[in-house]
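Colleague: Hey, got a minute to walk me through this one? I'd like to start with whatever you think is a good way in.
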Amino acid sequence: MSIIYVLIPIAILFVAIGIWIFFWAVRSKQFEDLEKEGFSILFDEDNKAKADEQKKPDDR
Amino acid sequence: MSAVKCFHCHEPVLTGDRFTLQLDNQQQPFCCAGCQAVAETIFSNGLQDYYKFRTESAAKVAAMPEQLLAELASFDNAEVLADISRQHDNLTEIELSISGMSCAACAWLIEKQLKQQPAIASAAINASTQRALLRFDSNLLPLSQILKTIAALGYQASPFVADQEEQVFKNELNRYLKRLAVSGILTMQVMMLAFALYFGEYTGIEASHEGYLRWISMLLTIPVVLYAAKPFVLSAWRSTKARQMNMDVPVTLALYYTFFASSYATIFHTGEVYFESVCMFTFLLQLGKFFEFRARAQAREATSNLLKIMPVTATQITEHGPEPTSARRLQAGDIILVKAGETLAADGTVLEGNSSVDESMLTGEYRPISKTTGDAVLAGSINHDGLLKVQVTSVLAHSRLGQIIQLQQQTLSQKPRLVEKTDQLAKYFVERLLVIAVLTFLLWYFWWNPDRAFWVTLSVLVATCPCALSLATPTAITCALARLNRQGVLIKNAQALETLPDISHIVLDKTGTLTEGKFSISRLSSFTTQFSEAEILNLIANLERYSEHPIARAFAPHFSQQLELTAVEVTIGAGIMGYWQGQLLRVGSAAFCQVATKTDAMVYISLNGEALAAVHLEDKLRAEVPALISQLQQQGYQLGMLTGDSSAQAEQLSSELNLNFMVKGCSPEQKVAEIQQLIAKGAKVLMLGDGINDSPSFNAAHISVAVHSGTDLSKNQADVVLLQPDLRLVQKLLVGGATTAKIIKQNLGWSVGYNLVIIPLAVAGFVSPYIAVIGMSFSSLLVVSNSLRLLKK
């Protein structure tokens with residue numbers, strides 16, 4: 001079981017990295033608008049290629 | 001009517017196939033030229049994805065009048081721009097408030113369109129706050145062009161200056177998020193280690209491993225107590241300094257005592273550790289506070305568009321002719337030109353011209369008031385139809401509008417507060433708890449068993465840990481806020497919820513609150529058999545389409561068929577005339593229509609000089625009001641009306657609704673005085689209103705409620721905002737307040753009762769710290785799930 005003396009500190013390191021990334025995300029205003037970003041994946045970056053794309057039926 | 005829906009706004013198309021477009025090889029119908037133009041813009045810019053992914057239909061687009069578009073140019077004036085934006089290197093940064101946004105796809109649409117302009121360095125649109133933050137080069141692209149681009153998509157953008165307070169709120173929200181992350185993530189880690197220790201307890205664990213896990217737990221708990229729990233410590237410290245113990249004092253004590261006791265146990269290999277309790281407790285309390293704070297922050301953001309009512313620009317007449325200028329820079333003596341549809345930028349007297357202006361925001365008077373040479377006009381009122389030349393008498397800050405805003409800030413500091421019951425209880429409880437803890441320690445240390453003194457005191461503190469007590473109110477309030485929000489009631493001030501059950505008097509505003517605040521047709525007396533009533537109304541509606549006057553809007557719903565009208569002419573303050581099938585049609589006052597006055601109707605219609613009909617207009621009562629009023633009266637509330645309107649309608653309405661008291665012709669100051677009088681008599685007052693003239697009295701009342709159609713200023717000021725145009729929400733609010741109070745009472749009853757039972761046992765040393773933790777967790781859980789019941793109903 002002495003492996004825990006190595007594994008737990010490594011786990012803590014990962015936790016620290018996770019918290020740091022979260023802080024960075026808060027600082028770079030990623031939590032200001034949770035609504036819009038969820039949609040961004042739906043929209044094509046480039047609309048030139050739209051013409052040959054098959055039109056989906058309106059799901060309304 | 002056909003069931004064809006407009007491709008853009010999904011409203012029924014009443015105009016047949018007058019407006020259509022060939023889009024993606026399909027003929028699409030539109031309801032109006034505005035929607036058609038917007039869809040064309042969207043498709044020609046390759047942004048048609050918007051239609052695919054939007055979740056809400058767009059708002060109907062009213063084509064922007066040329067005149068207003070021209071007005072946007074006044075934002076390009078260097079002085080005006082400097083007032084509303086900031087300069088970053090060579091880029092101008094500006095915040096815009098955008099109305100008409102219905103879903104996230106709108107935000108995407110605007111952002112995409114703006115980013116196609118090379119002069120715009122960055123554009124961030126926030127869909128939930130309906131704001132845009134832009135950085136652009138004002139030399140390459142004038143602001144008016146950006147506003148026009150947004151207008152072409154069917155949204156109205158106006159410059160916005162966020163107030164200082166809002167920035168503070170934003171920073172605070174970010175700090176909450178960080179603390180939540182720290183306490184949440186670390187709680188998971190410590191919990192995991194705690195489980196290892198629990199199992200070790202039963203199956204046996206090597207002492208070295210146990211010590212190691214404890215040390216790691218302690219290490220992971222340090223950031224939680226030092227960083228995540230900081231707000232509790234600071235608040236506890238402040239309250240102790242002010243000798244006003246609040247709930248945070250026992251919370252802090254329990255946290256730190258438990259932490260230090262566990263650290264002691266870790267370092268000296270004795271006793272038990274409770275790091276997981278420390279972390280979990282911090283996380284749960286933090287979570288409750290975060291939800292409460294976020295609800296408030298959202299409420300603020302949604303309602304803080306203060307600048308919209310403060311006029312930004314004005315057209316000043318100088319030696320070089322009319323020039324756009326910043327409203328804030330106007331001085332007494334300056335002469336300004338006010339076009340139809342514009343907001344007056346300063347108080348002044350009319351030098352030239354006549355028109356009717358809407359002062360309802362400032363006085364509560366819903367009828368337009370006609371103004372002519374020599375009359376005084378007020379900043380913030382809207383000029384309806386004529387062109388006015390106004391000599392400024394006082395700068396914006398000293399105008400009537402400025403005074404009302406000032407009055408409102410004054411009353412804010414005098415806002416009556418009911419002492420928070422939980423805090424009172426906490427104070428009482430904390431003092432006794434501390435005395436008991438100290439006594440326990442002394443008793444055990446000097447008389448019974450010095451070795452156990454430390455651990456018994458710990459279990460007294462843990463068992464009585466005010467966890468449940470401190471969760472009792474915030475969890476109930478957070479759940480109630482969420483539930484009322486779903487029902488359409490936005491509570492900005494959580495304390496209002498605790499005050500609700502004590503309310504004895506409800507004070508109502510008339511215009512715009514009880515009534516709809518606009519004209520509608522009450523009666524039509526026809527003098528002819530030639531036309532049906534519907535035909536007459538359609539005739540009037542056709543002609544009134546040429547006018548911006550509020551009376552004209554009353555006829556808009558009766559527009560059923562487009563008629564050919566020629567040579568239409570609007571006479572300000574009198575009426576409109578035009579030719580229909582070669583006959584002269586007149587709509588307006590009795591004199592204008594050349595009708596011998598037979599009734600007191602407001603609008604007449606005549607054809608070739610022959611009277612067709614007289615139309616009575618009134619400001620109609622909202623449909624749900626009579627039922628709501630009688631219901632509230634049955635529940636024992638005293639109802640009263642304070643209105644700025646001094647006409648007989650106020651009395652008539654008051655007796656019709658059977659109100660307990662009524663004061664008419666009130667200025668904003670009088671409203672404040674009336675409410676303060678009631679409060680001096682011991683009443684607990686809820687104020688319901690909509691206008692700028694109500695906002696000072698909002699602060700005078702215990703709770704203030706702004707209706708859905710209220711002005712931004714009143715919504716900004718109110719404790720509660722109704723999100724739907726339905727006054728019955730007031731009833732829901734009162735019921736919500738009562739149930740919340742009941743749940744809080746139950747929660748407090750349980751946690752106090754539990755403490756009363758456990759304290760003697762703990763003092764006597766019968767409760768091991770382990771059992772204390774289980775008891776504490778159980779009662780916290782009970783309190784939280786009891787509060788959650790509020791969400792379900």
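Modeller: Sure. Over residues 748-767 of chain B, the chain is 80% helix and 0% strand, with 22 Å between the end C-alpha atoms. Keep in mind that this is a predicted model.

Colleague: What does UniProt call that stretch, residues 748-767 of chain B?
Modeller: The unreviewed UniProt entry annotates it as "transmembrane region". That annotation also covers other parts of chain B, including residues 180-200, 273-291 and 453-482.

Colleague: How much helix is there over residues 273-291 of chain B?
Modeller: There the chain is 89% helix and 0% strand, and the end C-alpha atoms are 30 Å apart.

Colleague: OK, what about the core? Which residues touch the most other members of the largest nonpolar core?
Modeller: That core has 108 residues, and the ones touching the most other members are B:V278, B:V462, B:L686, B:M687, B:A701, B:V705 and B:V720. Its largest share, 10 residues, comes from helix α16 of chain B, residues 467-487. There's also a second, separate core of 47 residues, with B:C6 and B:W108 among them.

Colleague: Which residues does B:V278 touch?
Modeller: Leaving out residues up to four places away in sequence, B:V278 touches B:T221, B:V224, B:V225, B:L255, B:T258 and B:F259.

Colleague: You listed B:V705 too. Is strand β28 of chain B covered on one face or both?
Modeller: Both. B:I703 and B:V705 are buried on one side, and B:S704 and B:A706 are buried on the other.

Colleague: Which strands does β28(B) pair with?
Modeller: It runs parallel to β27(B), residues 685-689, with four bridges joining them. B:L686 has B:I703 as its bridge partner. β28(B) also runs parallel to β29(B), residues 720-722, through two bridges, and there B:V705 is partnered with B:V720.

Colleague: And what sort of unit do β27(B), helix α24 and β28(B) make?
Modeller: A right-handed β-α-β unit, where α24 covers residues 695-700 of chain B.

Colleague: Switching topic: which residues of helix α22 in chain B are buried?
Modeller: B:A650, B:L653 and B:S654. Seen down the axis of α22(B), these buried residues fall within an arc of 100 degrees, so they line one face of the helix.

Colleague: Why would residues three or four places apart point the same way?
Modeller: Because an α-helix has 3.6 residues a turn.

Colleague: What do the buried residues of α22(B) pack against?
Modeller: Against α18, β25 and β26 of chain B. On the other side of α22(B), B:A648, B:E651, B:Q652, B:S655 and B:E656 are exposed. Just after the helix, B:N658 takes a positive phi of about 60 degrees.

Notes: Residues are numbered from 1 along each chain as its sequence is written. Chains are lettered from A and ligands numbered from 1 in the order in which they are written. This is a predicted model: local features need pLDDT of at least 70, side-chain atom pairs count only at pLDDT 80 or more; totals for chains, interfaces and linings use all residues. A residue is buried if 20 or more other C-beta atoms lie within 10 Å of its own, exposed if 12 or fewer, and partly exposed in between; C-beta atoms are placed from the backbone. Two strands pair if DSSP finds at least two bridges between them. A crossover is right-handed if, with the strands pointing away from the viewer, the path from the first strand over the helix to the second runs clockwise. The arc is that of the directions from the helix axis to the C-beta atoms. Two residues are in contact if their C-beta atoms, placed from the backbone, lie within 7 Å. UniProt positions are given in the numbering used here, feature names are shortened, and annotations may be inferred rather than shown by experiment. A nonpolar core is a set of buried Ala, Val, Leu, Ile, Met, Phe, Trp, Tyr and Cys residues joined through C-beta atoms within 7 Å.
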